[in-house]
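User: I am new to this structure. Please take one part and look at it closely.

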Amino acid sequence: MLERMLHYGNVLGRITPALALSASLALPGMAVAQEAPRHGGKVTINVHGEAPNFDPLASTEFGVHSRLGLALNRLIEWKTGPDIAYGQFVPKPALAESWEVSEDGLKYTFHLRPDVVWQDIAPVAGRPFVAADVVATYEAIRKGGVQKGQLAAVDTITAPDDHTVVMTMKRPNVVLLQALAHQNMWILPREAFDGGYDRNTVVIGTGPWILTQNEAGVATRYVRNPKYFGKSDAGEQLPYLDEVEILPIKDLNARIMAFRSGQIDIWFGPLNLTQMEGLKQAVPDMKDIQTVANTQSELYLNPTFKPFSDLRVRQAINLAIDRQGLGEVVRGGGGIGGVVGAALVAQTLPQEERIALYGTPDHEKAKALLAEAGFADGLTFELTVLNYGEEFVREAEWIQQDLAEIGVKAEIKMVDMVAGQALGKEGNFQGMFLMMSPFAEANEYFTTHFLKEGNRNYTGIDDPKLVEMIREQQGIADPAARQQKVWEIQRYIYQNIQNPLPIWAAVLLHPAQARVEGWHPMLTQGFPSLPEVWVTK
Amino acid sequence: MTLAVEAAEMPRRSSRALAILRALLRDPVGCSALIILTFVLLLAVLAPWIAQFDPLHQDRRAVLKAPSLLHWFGTDDIGRDVFSRVLHGTRISLFVGLMVVTFTMIVGGLIGMISGYFGGWVDTIIQRVVEALDTLPSLVLSLFIAAMLGPSVRNVVIAVTLAQIPRFVRVVRSEMLKVRGQDFIAAAQVIGASPLRIMLTHGAPNLMPTMLVLGSLAFGVAIMTEAALSFLGVGTPPPHPSLGTMLSHGTRFIGTAPWLIVFPGLMLTISVLALNLIGDALRDVLDPRHQQ
C-alpha cells in the first residue's frame, strides 16, 4: 500500500493534500484487489462523444478511437498496471509478440503472434491474422490516414513471411515503437482496404470484445471475443468481462446523475474536484483515482511584439508567475508544467528541477530583468485567452495578477478555442494562453513546439542548435542516454528560448464504482487496461 | 410662431414629468421600487468609494472565506472580495441596461416612428424585417449575436440592443399610427414642417409615456440578458466582475461556498424586480384605463 502511495507521489510530481487524501481513499479497495479476478459481468463506461464513423484512418476523434480500442489491436500496446504511471509508456507486446532493432537503428523486425484470428464477421470470417494485414494497414495510413505522421520516418514496410513484418527507416527514430502504439494506430484486416467491406460502418478486429451494436446517441455494445489471444500475467484468458457498454452521455449533469445512480461504472471525461466531491458524497465507496493530465496550460509570448523579442522580458514573466500557488488554489492538484509535461514522468525534468526553473517566483529579480531590458516602468500587452472553461480562465486571472506585481499589465481578451487556434497559427497575438494538445512522448512536444513546421510553433521559433538537438535525440537508442539528451534539450529551451512558458498540468479524475477492479486509466485512447478489469458483483 | 409654441410646451413637459414622478411616489409599490432602485444605483455609482477592496485583487491567503467583518460577502475561489465584485458587477449591469435602453429607444423609436408615420411600402418593409427578427426569442438572438461578436461589454450592449429593437419598433409604430391622425400633425404638415421635424417635435413627446414604460421593462430585460450571456460565457469577459459570471462560477461551489451565488443572485433579483415594478407602476400612472 505504501509503495502504491509512494508511486503515486512520484507520478504526480508535487503531490497536494487533495491528492494525498485521494490516494488514501483508494486504499480500502486494495483489500478487495487481493481477491482472484473472476470472469463474467458487464461494465458501462461513459464517453462524452459520438463515433460519427468507425474508420480509424479518417478521424482523430476520441469518440471513435475510444470505441475502436475494445475491438481492435495495435502492433504494440501500452502496458498498464498498478506500478505504471498514467503517462508512462512501457511497450507491451500486442499483435507483435517480439521485435528486434538493427544496430544502426534503421531496421525493425516484428514477429507477429501466430495464434491470432480475426473476429468471425463477414467477409473476414475468422481467418488467421497475417503480416499482410499489417502491411495493408500501414500502407493505407501512409497513403492517406490522419495518423500518417506516425510513420513519417519509415521508408519501407515488407512482409517476408506471414508472421514477420520488417520496417526500414529513412533515419533512426527511437520513438517508432511508441508511434506504433499511438492511440490511432489500429490494425485492420486487409479486406478493409481492398473494398471487401466498409470500414466506416463495420468493425472487424482481433480485440478482446466484438462490437455488436452501435446506436447513435444511445449506446455502443460489445460482447466478449471468445477467440481473443490475450492472457493475464497469471496465464488466465482475457478479457474477464463478458460485456461492455459505452454510453454517449454528453451533458455533464446527466453523466453525474448516471454515475450516482450506478448506471455508469467507469467515468471517462472532464470532471473537476468540486464535482468529484459531490460524487463522493453520493457514492462514498467509489474509487477515487487521480492522475496528472498529459496536457498543460502554456503561455505563448509572441516575439513580433517587440518587448517579447527580448529573452530577459520572457525570463521576467517566467519569474513572476506563482505556478505552485495557482496549482493548489485554482486546480486543487496536478503537476508543475515543464517543456515536456509533468505526466511524462520519465521524460520531463525531475520535479525538483522543474520547481527550481518554473516554480520559484522572484519578483525582484523579474523587475531587475525588465529594467535591464528597458522596461523599468513595466509594459502592457493583450493576453488572448482561449476559453477552455472556468478553471482555465481562473488560471489566466491568476497570471494576470502575478504579472501586475512586476508592472506588466496583461489585458485579457477571451476568444473561443477555434478562433484562438487560428490566431495562433497566423501569429496574430501578443500573448496567448492556451491548453496544449495531449502528447505522449517528449519528441511530440519538441517537434510540434520548436521545429519551424511544428503545428504548435506559434511564435516562429527556429533555432538551428535546438533543431539539431531534437533530431539527435530521435536517433539515440539507449534509453538512459536519450533521457539525458531529452533533459538537456529542456534545459536549453529554458535558458535560451523561454517560449512558450509551461504553466500547470491539471489533475485528472477517473472515478469508478467500487465493484470495478483492475482499472488503470492510461492516457492513450482505447482503454488498454480494460481486458484485465473484472467486477466483484 | 413655432418657437413660441415650443417655448410654451417646455414648462408643460417638465410639469408633466413631475406629475408622473408625483403619481409614481403616491403609488406604494412604485415608490418602494423607486427607493430600492435609487439605492442600487447609488451603490453602483459610488462603488469605487464604498467597496473596501479592488474587485480584481486576489488575496491568496483568503480563499473561499465566509462572510465576515472584513469581507462582508465573503471571498471567491481566488481570494477576491465578493462585496466589491457585486458592487462593480452591478455597475456593469446597470451600465449595460442604461446603454441598451438608450440605444433601443433612439434606434427602435426612430424606426418605429418612420414606419408609423410614412406607412405604405416603408412600413411594409420595416414590419417584415421586424417580424422576421421577432420569430427568434430575444435571448437566443442576443446569444447568437454575442457569440458572433465575441465577449465584451460593448458587444453585449450591441447584442441586447439588437434583440430589443423589434419590440420597440412594433409598439412605437402602433402609437405613431394613432398620433399621425391627430390634428396637430396635420397642422404641422400644412405649415410645411419636414417629416423629421414632425416626428421629433410632435410625435416623440406624445410617444414618450409608452417609451418610458417600455424602457423601464427593457432595462430589466437587458440586465437579465447580460447576466445570462455572461453566465453562458459570451458576456462580460474576465476578469471584470459581472453578476452573471459570478453566478455561473458560483454554481461550482454551491455546496461549499453558497455566498458566491447568494449575493450576486440577490442583487440581480432586487435590481430587476425594482425595474419591473417601476415599469408596472409607470404603466398604471400613464395609462388612463388603469387610472380608472
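User: In β16(A), which residue is the bridge partner of Glu298(A)? Please start there and describe the strand around it.

Analyst: The bridge partner of Glu298(A) in β16(A) is Leu434(A). This is a predicted model, in which local features need pLDDT of at least 70, side-chain atom pairs count only at pLDDT 80 or more, and totals for chains, interfaces and linings use all residues. Residues are numbered from 1 along each chain as its sequence is written, while chains are lettered from A and ligands numbered from 1 in the order in which they are written.

Now the strand itself. Helices (H or I, at least four residues) and strands (E, at least two) are DSSP runs, numbered from the N terminus. Strand β16 of chain A covers residues 431–435. Of its 5 residues, 4 are buried, so the strand is largely enclosed by the rest of the structure. Buried means that 20 or more other C-beta atoms lie within 10 Å of the residue's own, with C-beta atoms placed from the backbone; exposed means 12 or fewer, and partly exposed is in between.

Next, its partners. Two strands pair if DSSP finds at least two bridges between them. Strand β12 of chain A, residues 297–301, pairs with β16(A) in the antiparallel sense over 5 bridges. The bridge of Glu298(A) to Leu434(A) has its β16(A) end at Leu434(A). Strand β14 of chain A, residues 379–386, pairs with β16(A) in the parallel sense, over 3 bridges. Here Val385(A) has Phe433(A) of β16(A) as its bridge partner. In a regular strand the side chains alternate between the two faces of the sheet.
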